[in-house]
Amino acid sequence: MKRVLITGTAGFIGYHLAKLLLAEGYVVHGVDAMTDYYDVSLKRRRHQMLLQSQGFTATECWLEDLNRLSKIAREFEPQVIVHLAAQAGVRYSLENPRAYLDSNIVGTFNIMEIAREVQVEHLLMASTSSVYGANEDMPFSETDKCDTPLTFYAATKKANESMAHSYAHLWNLPTTMFRFFTVYGPWGRPDLALFKFVDAMLDGRPIDIYNHGDMYRDFTYVEDLVRGIRLLIDAVPVRPESSEDIEDGDSLSPAAPYRIVNIGNSEKVKLLDFIDAIEDALGIEAKRNYMEMQKGDVPATWADASLLKRLTGYQPQTDVRAGIDRFVAWFRDYYGK
Ligand SMILES: NC(=O)c1ccc[n+]([C@@H]2O[C@H](COP(=O)([O-])OP(=O)(O)OC[C@H]3O[C@@H](n4cnc5c(N)ncnc54)[C@H](O)[C@@H]3O)[C@@H](O)[C@H]2O)c1
């Protein structure tokens with residue numbers, strides 16, 4: 001079975017991905033620095049759960065520490081690296097852009113260096129729907145031009161895509177970049193809307209609704225997302241002989257074994273409908289605090305997920321109401337509320 005190095009395994013998506021791969025018999029080594037961007041005890045708890053599997057080992061390590069990363073990679077000898085660790089969060093990038101520079105630019109560079117050093121079969125890394133920035137054509141497609149990032153977070157992820165393309169070209173390093181769309185589900189991030197809404201509603205506090213609720217998101221259930229990642233591990237990009245070999249709608253580069261893939265539900269959900277669904281799941285009416293649009297925010301995201309389907313045969317499909325129910329059940333159980 002394959003040996004996979006995953007960064008960010010104490011994080012929301014990394015935890016779910018590691019859990020899925022371990023269940024399928026993969027051998028997984030996790031790397032995470034347990035940053036204090038949000039509640040570290042939630043991260044430690046996720047790692048404790050993973051450590052119950054025999055196939056899982058982990059090192060607490062910063063992405064910025066190349067020597068240490070290199071030692072881990074030489075000892076573990078991964079065939080595949082899935083790089084998910086990052087300074088995430090759109091809004092925090094207005095407050096502390098340097099954290100994004102350090103984790104996302106320097107950190108991702110170091111991951112590319114170790115991937116090259118140990119010559120992995122496939123390097124897969126997280127980008128984001130935020131790179132579509134001010135694009136207005138919907139749904140967002142991987143072949144659309146994306147030169148208008150609206151936050152520094154998005155800018156670092158767009159930079160990661162360019163950096164990865166150069167390494168894929170120079171060192172023939174097969175690389176897939178994922179663009180994730182608003183991921184939610186059990187063990188979710190405390191800085192994201194669903195967590196904040198449920199927490200506030202259970203405490204009787206008001207919830208902040210930006211742009212007066214006139215927002216749309218392509219919400220992706222976390223177990224669907226990691227299923228998509230799992231399948232893409234086997235969809236190793238191959239540098240085409242000529243650009244004529246690239247099929248219409250495929251983001252495969254003409255110059256490198258490199259591809260970008262959206263992972264989203266391909267369904268645009270109105271924020272107010274999302275909130276209605278949370279109210280139904282909790283049986284509580286939200287106290288709604290309508291606000292202006294936040295700086296750097298986009299009114300809508302919507303994924304064209306046809307490339308994922310073409311490459312893997314898979315299409316995320318968890319209905320948002322079912323996903324919210326599962327999140328609420330986890331939240332109430334975990335926090336005893
Ligand atoms: N959750 C979403 O909706 C979403 C959407 C688009 C893209 N993404 C991307 O997916 C990836 C995973 O996101 P997530 O939601 O699981 O976030 P998360 O914050 O829960 O997980 C990231 C993990 O990386 C670790 N980390 C951060 N900086 C580090 C550093 N410098 N060195 C070592 N470890 C570090 C953190 O401790 C954390 O456990 C990120 O790259 C994020 O940008 C997430």
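I began with the ligand: 27 residues surround it, and G11, A33, A85, A86 and F180 come nearest. A residue is near a molecule or strand here if its C-beta atom, placed from the backbone, lies within 6 Å of it.

I noted early that this is a predicted model: local features need pLDDT of at least 70, side-chain atom pairs count only at pLDDT 80 or more, and totals for chains, interfaces and linings use all residues. Residue numbers run from 1 along each chain as its sequence is written.

**Ligand shell**

I sorted the shell by residue type and got 14 nonpolar, nine polar and four charged. Ala, Val, Leu, Ile, Met, Phe, Trp, Tyr, Cys and Pro count as nonpolar; Asp, Glu, Lys and Arg are charged; the others, Gly among them, are polar. Which element gives the largest share of the shell? I found that α1 does, with three residues. At least two residues each come from α1 (12–23), α5 and β5. Helices (H or I, at least four residues) and strands (E, at least two) are DSSP runs, numbered from the N terminus.

**Sheet**

I traced an open sheet of seven strands with parallel pairing, in the order β3-β2-β1-β4-β5-β6-β11. At its edges I found β3 (56–60) and β11, each of which pairs on one side only. Neighbouring strands are turned by 20 degrees against each other on average, direction ignored. Two strands pair if DSSP finds at least two bridges between them. I checked one pair: β1 (residues 3–7) and β2 (residues 27–32) are joined in the parallel sense over five bridges. In that pair R3 stands opposite V27 in β2.

Helix α8 (residues 222–233) packs on the sheet and touches β4 (80–83), β5, β6 (175–180) and β11. Contact means C-beta atoms, placed from the backbone, within 7 Å. The direction of α8 makes about 145 degrees with that of β5. Axes are lines fitted to C-alpha atoms, for helices over the stretch in contact, and angles run from 0 to 180 degrees between N-to-C directions.

**Backbone oddities**

Most residues other than glycine have a negative phi, and most peptide bonds are trans. I looked for exceptions.

- The peptide bond from M138 to P139 is cis, with omega near -5 degrees. P139 sits in the loop between β5 (122–128) and α6 (152–171).
- Q119 has a positive phi of about 50 degrees. I placed Q119 in the loop between α5 (97–117) and β5.
- S266 has a phi near 65 degrees. I placed S266 in the loop between β11 (258–263) and β12 (269–270).

Is S266 buried or exposed? S266 is buried, because 20 other C-beta atoms lie within 10 Å. Q119 is exposed, with 11. The cut-offs are 20 or more for buried, 12 or fewer for exposed and partly exposed in between, with C-beta atoms placed from the backbone.

Technical notes:
Two residues are in contact if their C-beta atoms, placed from the backbone, lie within 7 Å.
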